[in-house]
Amino acid sequence: MRDNCGRDITYLRLSVTDLCSFRCRYCMPAQGVPKRGHGDICSLEELAEIARAAVDCGVRKVRLTGGEPLVRRGVLDLCRQVAAIPGVEELCLTTNGAALPRLAGPLKEAGVDRLNVSLDSLRPDRFAHMTRGGRLEDVLQGLRASAAAGFTGTKLNVVLMKGFNDDEIPRFVELSRLYPLEVRFIELMPIGEGKAAQFLPAETVLEVCPGLCPIEGSGVARRFRSPGGRGTVGLIEAMSRRFCARCDRIRVTADGKLKPCLHSDQEIPLRGLHGEALRRAIREGAAAKPEAHRMTETGRSQAGRNMHQIGG
């Protein structure tokens, strides 16, 4: 499946809910979001059907996202269904990590291959402030549980924010030296609540830690390693080094709208479609993927939704 710019689209990010157990300040409003009725979001069966149709069209990697996907009842069943689809080469899940102490093992048994864990501070007080009440220790226990369950290649997603966690860059880099993790520093994007935070270019990581050595990139990430390090460091530079030419993904929201680009307001409804009609809509959505986002020029995303409503 190719878009109109000739990019192979092989990666589906499938949001299963817009709810979350945290209320991170750059992602969600302080009051949280109202719980929607069952009829307002895709059922597990609909989500699995969309995933199957996307794989029929050429998708090979599926990532389950939210909100926080582990608050969705039945998410383990969905993992089993997606993992069993012929043609799925990798099933991943992005989580805030708080539920991993009890769910890491079941997720591994359900067929999840790899985890991304969001973690923006290693200081308990800052973590609680950013998440509006989350406990850092829950996430750290979740990472330990994930390793015990057999997960490898786990990635820590760190959103860089000037004046908030820039002084913690060396501590995060040290994690990549001590443990077989990829610590990914992600540039803050001007979308939803994130417009109020302070942008910091990911290049700052290399200025603070000049000993990092470049290695082969992965996907849209520039990657580095500390000398003798067990893990790696990744830089996701959506703003300062626009990587749209290498983007291979489409997204589907929890209410069944295909977004060809995270930062486009274009949405293609998929609910109620089946068989060839569903596959055709997915192919048409992928074909409509814009050449590049315009945030660098406009200073804002055209997404039309907050991040938690789209899927990380």
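**A walk through the sheet, the helices and the core**

Let's start with one pair of residues: Lys 61 stands opposite Glu 90 in strand β3. Please keep in mind that this is a predicted model.

That pair belongs to a longer stretch, where strand β2, residues 61-65, runs parallel to β3 and is joined to it by four bridges. How does the chain get from β2 to β3? The route goes through helix α2, residues 75-83, and this β-α-β crossover is right-handed.

Now stay with β3, which covers residues 90-95. Five of its six residues are buried, so we can call this strand mostly covered. Four bridges also link β3 to strand β4, residues 114-118, and these two strands run parallel. If you want a landmark there, look for Cys 92, which stands opposite Arg 114 in β4. Between β3 and β4 the chain passes through helix α3, residues 100-109, in another β-α-β crossover that is right-handed.

Let's zoom out to the sheet. It is an open sheet of twelve strands with mixed pairing, and the order is β7-β8-β9-β6-β5-β4-β3-β2-β1-β10-β11-β12. Which strands stand at the edges? They are β7, residues 213-218, and β12, residues 268-269; each has a single partner strand, so one side of each is left without a neighbour in the sheet. At the β12 end, two bridges join it to β11, residues 257-259, and here the strands run antiparallel. Leu 258 has Ile 268 in β12 as its bridge partner. As background, strands of a sheet pair through backbone hydrogen bonds, either parallel or antiparallel.

Next, a helix. In α6, residues 169-178, the buried residues are Ile 169, Phe 172, Val 173, Leu 175 and Ser 176. Looking down the axis of α6, you find its buried residues within an arc of 145°, so they line one face of the helix. What do they pack against? The answer is β5, β6, α7 and β9.

Here is a general idea to take along: in soluble globular proteins, nonpolar side chains tend to be buried together. In our model, the largest nonpolar core has 82 residues. Those touching the most other members are Leu 64, Cys 79, Leu 107, Phe 185, Val 205, Leu 270 and Ile 282. Helix α1, residues 44-56, gives the most to this core, with eight residues. Take Ile 282 as an example: beyond residues up to four places away in sequence, its contacts include Met 1, Ile 50, Ala 53 and Leu 270. Another core lies apart from the largest one, with ten residues, among them Ile 186 and Val 220.

One more residue before we finish: Arg 223, in strand β8, residues 221-225. Is Arg 223 buried or exposed? Its relative accessible area is 19%, and the cut-off for buried is under 20%, so Arg 223 counts as buried. Its side chain makes a polar contact of 2.9 Å with the side chain of Glu 182. A polar atom of the Arg 223 side chain also lies 2.8 Å from the backbone oxygen of Glu 216.

Finally, find Ile 85 in the loop between α2 and β3. Ile 85 is buried too, at 7% relative accessibility. Leaving aside neighbours within four places in sequence, Ile 85 is in contact with Ala 48, Ala 51, Arg 52 and Val 55. Thanks for listening!

Methods. Residues numbered from 1 in each chain as written. Predicted model: local features only at pLDDT ≥ 70, side-chain atom pairs only at ≥ 80, totals over all residues. Heavy atoms only, no water. Core = buried A, V, L, I, M, F, W, Y, C linked by side-chain atoms within 4.5 Å. Buried < 20%, exposed > 50% of the residue type's maximum accessible area, 1.4 Å probe, protein only. Contact = heavy atoms within 4.5 Å. Polar contact = N/O pair within 3.5 Å; in protein donor to acceptor, adjacent residues only side chain to side chain. Pairing = 2+ DSSP bridges. Right-handed = clockwise from strand over helix to strand, strands pointing away. Arc of directions from axis to C-beta.
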